[in-house]
Amino acid sequence: MAQKEEAAAAAETASQNGEDLENLDDPEKLKELIELPPFEIVTGERLPANFFKFQFRNVEYSSGRNKTFLCYVVEAQSKGGQVQASRGYLEDEHAAAHAEEAFFNTILPAFDPAVRYNVTWYVSSSPCAACADRITKTLSKTKNLRLLILVGRLFMWEEPEIQAALKKLKEAGCKLRIMKPQDFEYVWQNFVEQEEGESKAFQPWEDVQENFLYYEEKLADILK
């Protein structure tokens, strides 16, 4: 019985991580999945292709997608006109610090007043109310920061608290957009590991355009 419960827990963890659910009968594979740390912030330059295909898919009902994946581009321009650019990604699980908060804690923990920051995020889903509040406060006190957030899905968009938080983001100067098919292609080309033997061209899912239009309409209604 205990082994079955462990296998079920491992399967759930693997599903959330976008991992292969095969070979759970293998004791070594099962042990590896059980020992994975369940809640953490992961950073890197490129995320695995299977994570992107599952987590960024702009479905209407995001069952099993219990993480936030945030791909970022930071351009820091000094007064002399020189621009330093960096990029990478963060991922979280919702029981830990969220990726949006982790970005300001680890990637840009401080801002040089002599530097202008242009930051673009490509995020699997829009921020929760708490993260939106953190972003709003950061923008309000950091006048040399410009932030563009492109999201694949809207997180709990029907909740009044979420709607109010997204409106405050807009009022604080944050540009919030829904990812278009070409934005998913950009993330695929610039932030996703290209697996050996797999086509490097982005293969859009069947309803990517339809779902983009669905979320674009919902966001416009919220922000109007």
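**Cysteine 174**

I started with cysteine 174 and asked whether it is buried or exposed. Its relative accessible area is 5%. The cut-off for buried is under 20%, so cysteine 174 counts as buried. I am working with a predicted model, and I keep that in mind throughout.

Next I looked up where cysteine 174 sits. I found it in the loop between helix 6 and strand 6. Which residues does cysteine 174 contact, leaving aside its neighbours within four places in sequence? I listed Leu139, Leu147, Ile149 and Leu169. I then checked one of these, isoleucine 149, by C-alpha position. Its C-alpha is 7.4 Å from that of cysteine 174, although 25 residues separate the two along the chain.

**Helix 6**

I moved back to the helix before this loop. Helix 6 covers residues 160-171, twelve in number. From first C-alpha to last I read 17 Å, close to the 16 Å expected at 1.5 Å a residue.

Which residues of helix 6 are buried? I noted Ile162, Ala165, Leu166 and Leu169. They lie on the same side of helix 6, because their arc around the axis is only 100 degrees. The general rule is that an α-helix has 3.6 residues a turn, so residues three or four places apart point the same way. On the other side of helix 6, I marked Pro160 and Glu171 as exposed.

I also asked what the buried residues of helix 6 pack against. The partners are helix 5 (129-141), strand 6 (175-178) and helix 8 (208-223). After helix 6 comes glycine 173, and I noted its positive phi, near 105 degrees.

**Helix 4 against helix 5**

Helix 5 led me to helix 4, residues 99-107. I recorded an angle of about 35 degrees for the pair, with the axes 8 Å apart. From helix 4, Glu100, Glu101, Phe104 and Asn105 take part. They meet Cys131, Arg134, Ile135 and Thr138 of helix 5. I sorted the residues of this contact into three nonpolar, two polar and three charged.

**Threonine 138**

I closed on threonine 138, in helix 5. Is threonine 138 buried or exposed? Its relative accessibility is 5%, so I logged threonine 138 as buried. I then followed its side chain, which reaches the backbone oxygen of arginine 134 at 2.9 Å. Not counting residues up to four places away in sequence, I found threonine 138 touching Phe104, Phe111 and Leu145. Of these, Phe104 belongs to helix 4 and had already come up in the helix 4 contact with helix 5.

Conventions: Residues are numbered from 1 along each chain as its sequence is written. This is a predicted model: local features need pLDDT of at least 70, side-chain atom pairs count only at pLDDT 80 or more; totals for chains, interfaces and linings use all residues. Side-chain values use heavy atoms; hydrogens and water are left out. Helices (H or I, at least four residues) and strands (E, at least two) are DSSP runs, numbered from the N terminus. The expected span of a helix is 1.5 Å times one less than its number of residues. Buried means under 20% relative accessible area, exposed over 50%, partly exposed in between (1.4 Å probe, protein chains only). The arc is that of the directions from the helix axis to the C-beta atoms. Contact means heavy atoms within 4.5 Å. Axes are lines fitted to C-alpha atoms, for helices over the stretch in contact, and angles run from 0 to 180 degrees between N-to-C directions. Ala, Val, Leu, Ile, Met, Phe, Trp, Tyr, Cys and Pro count as nonpolar, Asp, Glu, Lys and Arg as charged, and the others, Gly among them, as polar. A polar contact is a pair of N or O atoms within 3.5 Å; within protein, one must be able to donate a hydrogen and the other to accept it, and residues adjacent in sequence count only if both atoms are side-chain atoms.
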